[in-house]
Amino acid sequence: MYLANGAGITYDAEEAVYGAFPAIIGCTMAVVFCLMGFAFGSIVAPLRSVATLCLTLSFVFGLLVLVYQDGAFDFMGMRAMSKVGTVCWFPPVMCFSIIVGLGLDYDVFLISRVFEYRLEGYTDHAAALKGVYMTGYIITAAGVIMAIAFGGLMASTETILNQVSFLLVFSVLMDTFVVRTLCVPALLGLTDSYSWFPKIMPAATRSIGF
């Protein structure tokens, strides 16, 4: 089979990019782990961050396939989210860094507040509860604003822009309303006193009190 003109260039670019993409994902998560570990002096906190980022990425990439390859949202009758039979190669690559950046931004904002309360002597449960309480409305407002901004690309007639918009909108909504409000507090509850291991935290002498 012969590929002529632009088709050959596109094919070569796609093969080169996706050949390196797994390594890029691994390196990015390694950097996230190291930075979060350095910031909080813990190995549990960065593991939790990497796990929640991977959850968001897995969800939106899987949903992208379901919608644009399998037609999961065809019942809605929206052209921007109708089945086209394939996923453009460019949106997942371009959106990966943006999704990680936004998710990590929200994560640091939430976890740093929880960390501050724990340093003040609150119990792990109280620190997590107060951290979510104090940051929840800001994270929610920021997520909704970003979703509305990214959603503007849904009005485009270009499928590639629709898929970019889809990835960004649903990743922000997933991260805002599920990961940061449900998954992270649940993980903090599961790890409890080991949430900041091996960092030695002050004795827990204060409970919930707003």
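A salt bridge here is a side-chain nitrogen of Lys or Arg within 4 Å of a carboxyl oxygen of Asp or Glu. In this predicted model, the side chains of R180 and D175 make such a pair, with N and O 2.9 Å apart. Both R180 and D175 are buried. R180 has another partner as well: its side chain meets that of D107 in a salt bridge, at 2.8 Å from N to O. This pair ties together distant parts of the chain, with D107 sitting in helix α3 (residues 90-119) and R180 in helix α5, 73 residues apart. Through shared partners, D107, D175 and R180 end up in one salt-bridge network.

How buried are the two ends of the D107 link? D107 has a relative accessible area of 1%, and R180 is likewise at 1% relative accessibility. Buried means under 20% relative accessible area, so D107 counts as buried, and R180 does so for the same reason. A search of the whole structure turns up 4 salt bridges. One of them joins D124 to R118, where the closest N and O atoms are 3.3 Å apart, and here too D124 and R118 are buried.

T52 brings another helix into this picture. T52 belongs to helix α2 (residues 44-68) and is buried, at 2% relative accessibility. Leaving aside residues up to four places away in sequence, T52 touches D107 and R180, along with V179, V184 and L187. T52 of α2 is thus in contact with both members of the D107 and R180 pair.

Now for the overall picture. The protein has 5 helices and 0 strands, and reads α-α-α-α-α along the sequence. Its C-alpha atoms fill a box of roughly 70 × 35 × 25 Å along the principal axes. Of the 210 residues, 39% are buried. Contacts in the protein often reach far along the chain: among those with a separation of 6 or more, 74% are between residues 24 or more positions apart.

How do α4 and α5 pack? Helix α4 (residues 124-151) and α5 meet at an angle of about 175°, with their axes 8 Å apart. Angles over 145 degrees count as roughly antiparallel, which is why α4 is described as roughly antiparallel to α5. On the α4 side, the contact is made by A128, V132, I139, T140, G143, V144, M146, A147, F150 and G151. The α5 side brings S165, L168, V169, V172, L173, T176, F177, P185 and L188 to the contact.

Q163 is also found in helix α5. At 0% relative accessibility, Q163 counts as buried. Which residues does Q163 touch, not counting those up to four places away in sequence? The list is L64, Y68, V84, T86, V87, C88 and P91.

The outside of the protein has its own features. The accessible surface comes to about 10,900 Å², and 71% of that belongs to carbon and sulfur atoms. On this surface, F33, I43, L47, Y194 and F197 form a nonpolar patch, with about 510 Å² of accessible area together. One of these residues, Y194, lies in the segment after α5 (159-191). Is Y194 buried or exposed? Its relative accessible area is 56%, and exposed means over 50%, so Y194 counts as exposed.

Key:
Residues numbered from 1 in each chain as written. Predicted model: local features only at pLDDT ≥ 70, side-chain atom pairs only at ≥ 80, totals over all residues. Heavy atoms only, no water. Patch = residues over 30% accessible without salt bridge, like charges linked within 9 Å, V, L, I, M, F, W, Y side chains within 5 Å. Areas by Shrake-Rupley, 256 points an atom, 1.4 Å probe, with all protein chains shown as cover. Helix = DSSP H or I, 4+ residues; strand = E, 2+ residues; numbered from the N terminus. Buried < 20%, exposed > 50% of the residue type's maximum accessible area, 1.4 Å probe, protein only. Axes fitted to C-alpha atoms, helices over the stretch in contact; angles between N-to-C directions. Parallel < 35°, antiparallel > 145°, perpendicular 65-115°, else oblique. Contact = heavy atoms within 4.5 Å.
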